[in-house]
Amino acid sequence: MGAMGLAGLGSTLASLMFLFAVARQYFPFNLEDLLLRRLLKFTYRIYPYIHVSFPEFTGEHLKRSEAYSCIESYLISTSTSKARSLRAEFGKDSSNLVFSMEHSEEVTDDFDGGKVRVWWSSIKSEPQTPRFSFYPETQEHRFYKLTFHHRHRNTVIERYLKHVLESGKAALIKKRQRRLYTNVSHRDDEWRKLHWSHVTFERQASFDTVAMHPDKKREIIEDLNAFKAGKEYYARIGKAWKRGYLLYGPPGTGKSTMIAAMAKYLDYDIYDLELTAVKDNSALRKLLIETTGKSIIVIEDIDCSLDLSGSRKKKEEKKEEEKKESPPEMPKEETSKVTLSGLLNFIDGLWSACGGERIIVFTTNYVEKLDPALIRRGRMDKHIELSYCNFEGFMVFAKNYLGIEKHKLFEKIQCLLGEVQITPADVAENLMTKTSSRGVEEDANACLEGLIQTLEKAKEDATIRALEKAKEDVIASKEEVEVGPNMEERKSGELCKKEKVSD
């Protein structure tokens, strides 16, 4: 097109804009709205369908959409009878198969007595590297697409979608499986992607199997009940709906069993957070956002996970000095840079208010090693000591493992448990029957006698250790007496005597 043609086109467009502006001033109706309505009407005649997309994740791929989960659950029943391509997985308790739509599959659904027909399709977009980009896209995008005729717009938006979400949510609650999540790190050159992976959590531990004094157990259950029913209370006082528990005690005292019992009692998922696999504080926040409500976030052996004490900076400076003095070494894998302040913000900072109905559990074998700021009330609200097995705990094991509540050997075991420190794990191991060829009574007798032998051996070992310690204390006290204020004078006197003899 020549210069004259471009000039003529520009003149025509200018004239049209002028006429449009004049028409908007003098016509009593909105000409712009009229033109848009005419255009939509013309478009509907050519293609009368509307599309609504429901992505799997909200925001910047931070959190799974609840609407997506509800639609997925709702379509399971629809897709089984109508879809041509299905995906099969084990359902609740792994007792039956659950079928769902495969990707790129489409099914129909009728509503309002067949007056409204809609189409659902499951779509997955593969990761692609944009042109002129050095960093590949690492995440696939999945979403459901709903298609319906434009004349059903109001019915679909106001009634049908509400029906889908309510039905899907009810099905989720009914068929829900508790899950055990763990954070996984993937290295792609120097870039790292963090996310949660899960398996079905089938551990059947409950408060009935926890070896603990009944009063203490009742106290914990009442605390959990108050938390679960406290949504309005937490909203009224302006605090995030979460609670922290610190479980501490020697190894083998049932900390993991307690967590499993809490999850089963509340019907919560468990997120087992491995801090050493978290790159930095930013990645830690991202993991927190990805957790769902009705969950328990667990950091086991918090004293061993990372060096979170106040002396961490000094230790790092000391390592830097040693590194300068020592010869260069081969490069090692980058360690976690999660800090104490980052972990505290994770527990009760601004980001901890994202979502709700979460419990955070720390476990440790040595509570005295933890930074006081980490376990103060308000962060770890309830401290639960899980100690050595007492007679009440033994009675729980005897009932669960042997099916007995009375036995002639109970009195002897009670006396020994009052004198010996033994973990619940060791007691449980002794009460597990090793053979099925004997009768119930013979099994009980054999297990209890084996436990008595273990307790007597532990008592004997404890006595020997006490005697050895007492002996070491006596020797140490003698050395302290000898190394008194006159020790130097005595040594010099003895030296003088030796010199005289030699002369």
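Two strands are said to pair if DSSP finds at least two bridges between them, and in this predicted model that criterion is a useful way into strand β11, which covers residues 242-248. Strand β11 runs parallel to strand β14, residues 358-364, and seven bridges join the two; within this pairing, L246 stands opposite F362 of β14. Strand β11 also pairs with strand β15, residues 382-385, again in the parallel sense, here over four bridges, and Y248 has E385 in β15 as its bridge partner. With these neighbours in view, one can turn to how far the strand is covered: six of the seven residues of β11 are buried, so that the strand is mostly covered, where buried means under 20% relative accessible area.

Helix α11, residues 340-348, brings the reader back to the same strand from another direction. Its buried residues are L340, G342, L343, L344, F346 and I347, and what covers them includes the strands β11, β13 (295-299) and β14, together with the helices α8 (281-290), α9 (302-305) and α12 (372-375). Both β11 and β14, the partners joined by seven bridges, are thus among the elements that cover α11.

The surface offers a further feature to examine, a nonpolar patch of about 310 Å² that is made by I46, Y47 and Y49. Of these residues, Y49 is found in strand β1, which spans residues 49-55. Is Y49 buried, partly exposed or exposed? Y49 counts as partly exposed because its relative accessibility is 30%, and the partly exposed class lies between the buried limit of 20% and the exposed limit of 50%.

Technical notes. Residues numbered from 1 in each chain as written. Predicted model: local features only at pLDDT ≥ 70, side-chain atom pairs only at ≥ 80, totals over all residues. Heavy atoms only, no water. Patch = residues over 30% accessible without salt bridge, like charges linked within 9 Å, V, L, I, M, F, W, Y side chains within 5 Å. Areas by Shrake-Rupley, 256 points an atom, 1.4 Å probe, with all protein chains shown as cover. Salt bridge = Lys/Arg side-chain N within 4 Å of Asp/Glu carboxyl O. Buried < 20%, exposed > 50% of the residue type's maximum accessible area, 1.4 Å probe, protein only. Contact = heavy atoms within 4.5 Å.
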